[in-house]
Amino acid sequence: MKGAYTNLRFFLAMTVMLAMAAALVQAQGTRVGFYARTCPRAESIVRSAVQSHFRSNPNIAPGLLRMHFHDCFVQGCDASILIDGPNTEKTAPPNRLLRGYEVIDDAKTQLEAACPGVVSCADILTLAARDSVFLTRGINWAVPTGRRDGRVSLASDTTILPGFRESIDSQKQKFAAFGLNTQDLVALVGGHTIGTSACQLFSYRLYNFTNGGPDPTISPAVVPQLQALCPQNGDGSRRIDLDTGSANRFDTSFFANLRNGRGILESDQKLWTDPSTRTFVQRFLGEKGSRPLNFNVEFARSMVKMSNIGVKTGTNGEIRRICSAIN
């Protein structure tokens, strides 16, 4: 009975989420099944490409998820992050360590062979992000499509992206500017349950952070482990799991690590130390006394919202034949 009740709750939550998604995206000009007639195999071609690359390199999953996030926050979800050239978004510091561009190129090549000039790079990236979550044992959700590609890509515009040292207030302001609330912020940052970070983005927390010691919000038990992985003046490019013990599985252990002082990025750990975001961490963990939230369901809902930031539809934008180049 308990299992049946849980399944019913999940079904009802998904039904509500999809209804909300339909209402949200109708005004945006995107819709589920946009390519049903013009390129019926579009989504399966993208998923096949992601699966193929994932089998040989699972690290592309978090890379594609981050890439989609970074794309949507700059100029909207228009694949401007994919454009090559000097001083484009791709060259900006927040994007230099992103992975997975070859997956998008592979999917685009296959789609151009099947349906020339039909499927946008923006939709490929959006679908690939969803598929990356699913392949890491997360939720599968219906993705509204119909985006068109942008033509503007400037490295200088990436300053809008939240930074790894950013305060919660600043993060909330940046998310709110795109219609995303505090719950959306916590859910989307929860995407760090998969993937890694370079030592150079957090090792400053381990040495001379305050009074010559490490960041006091890091559990003392984990400091020696992290110092061994990222020694002072060591290789800053070395990659460390963002979700210790579960970096390849999309689950709630990321939030449990924050509760236990094991957050890697300073901005991530602040989700626990700040009361306004801690309550959502507790709800995603289902802590006693909180009103539980299903992380997977809420993540999908927030992704649908984010994936419709500043989308170009109709006669706006273009359909790039090569994702890295403007037509």
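**Annotated sites and helix packing**

Once its neighbours within four places in sequence are left aside, Pro 162 is in contact (heavy atoms within 4.5 Å) with Phe 69, Phe 73, Gln 171, Lys 174 and Phe 175. The structure is a predicted model, in which local features need pLDDT of at least 70 and side-chain atom pairs count only at pLDDT 80 or more, while totals for chains, interfaces and linings use all residues. Residues are numbered from 1 along each chain as its sequence is written, and side-chain values use heavy atoms, with hydrogens and water left out.

Pro 162 lies in the loop that joins β2 (144-145) to α6 (168-176); helices (H or I, at least four residues) and strands (E, at least two) are DSSP runs, numbered from the N terminus. Pro 162 counts as partly exposed because its relative accessibility is 23%, where buried means under 20% relative accessible area, exposed over 50% and partly exposed in between (1.4 Å probe, protein chains only). In the unreviewed UniProt entry, Pro 162 is covered by the annotation "binding site". UniProt positions are given in the numbering used here, feature names are shortened, and annotations may be inferred rather than shown by experiment.

The unreviewed UniProt entry also places the feature "binding site" at Asp 71, Val 74, Gly 76, Asp 78, Ser 80 and Glu 89. These positions span 19 residues in sequence, but no two of their C-alpha atoms are more than 12.3 Å apart, so the residues gather at one spot. Val 74, one of these positions, is located in the loop between α3 (60-72) and α4 (101-114), and with 2% relative accessibility Val 74 counts as buried. Apart from neighbours within four places in sequence, the contacts of Val 74 are Ser 80, Glu 89, Asp 157, Thr 158, Ile 160 and Leu 161.

Ser 80 likewise belongs to the loop between α3 and α4 and, at 0% relative accessibility, counts as buried. Beyond neighbours within four places in sequence, Ser 80 touches Asp 71, Val 74, Gln 75, Glu 89, Val 152, Ser 153 and Arg 320. Ala 79 is found in the loop between α3 and α4 and is buried, its relative accessible area being 0%. The phi angle of Ala 79 is near 60°, a positive value in a residue other than glycine. A positive phi, near 65°, is also found at Asn 233, again a residue other than glycine. Asn 233 sits in the loop between α8 (223-229) and β4 (239-241) and counts as exposed, with 81% relative accessibility.

Helix packing was examined next. Two packed helices are described by the angle between their axes and the distance between the axes. The axes of helix α2 (residues 42-56) and helix α5 (residues 121-135) come within 9 Å and cross at roughly 55°. Axes are lines fitted to C-alpha atoms, for helices over the stretch in contact, and angles run from 0 to 180 degrees between N-to-C directions. Helices α2 and α5 are therefore oblique to each other; angles under 35 degrees count as roughly parallel, over 145 as roughly antiparallel, 65 to 115 as roughly perpendicular and the rest as oblique. On the α2 side, the contact is made by Glu 43, Val 46, Arg 47, Val 50, Gln 51 and Phe 54, and on the α5 side by Ile 124, Leu 127, Ala 128, Arg 130, Asp 131, Ser 132, Phe 134 and Leu 135. By class, eight of these residues are nonpolar, two polar and four charged; Ala, Val, Leu, Ile, Met, Phe, Trp, Tyr, Cys and Pro count as nonpolar, Asp, Glu, Lys and Arg as charged, and the others, Gly among them, as polar.

Val 46 of helix α2 counts as buried at 1% relative accessibility. Without neighbours within four places in sequence, Val 46 is in contact with Ala 107, Leu 111, Ile 124, Leu 127, Ala 128 and Asp 131.

For α6 and α7, the axes come within 9 Å and cross at roughly 105°, and the two helices are therefore roughly perpendicular to each other. Gln 171, Lys 172 and Phe 175 of α6 meet Thr 182, Asp 184, Leu 185, Leu 188 and Val 189 of α7. This contact of α6 with α7 comprises four nonpolar, two polar and two charged residues.

Helix α10 (residues 266-273) is largely enclosed by the rest of the structure, because seven of its eight residues are buried. The buried residues are Glu 266, Ser 267, Asp 268, Gln 269, Lys 270, Leu 271 and Trp 272. The buried residues of α10 pack against α6, α7 (182-189), α9 (253-259) and α11 (275-285).
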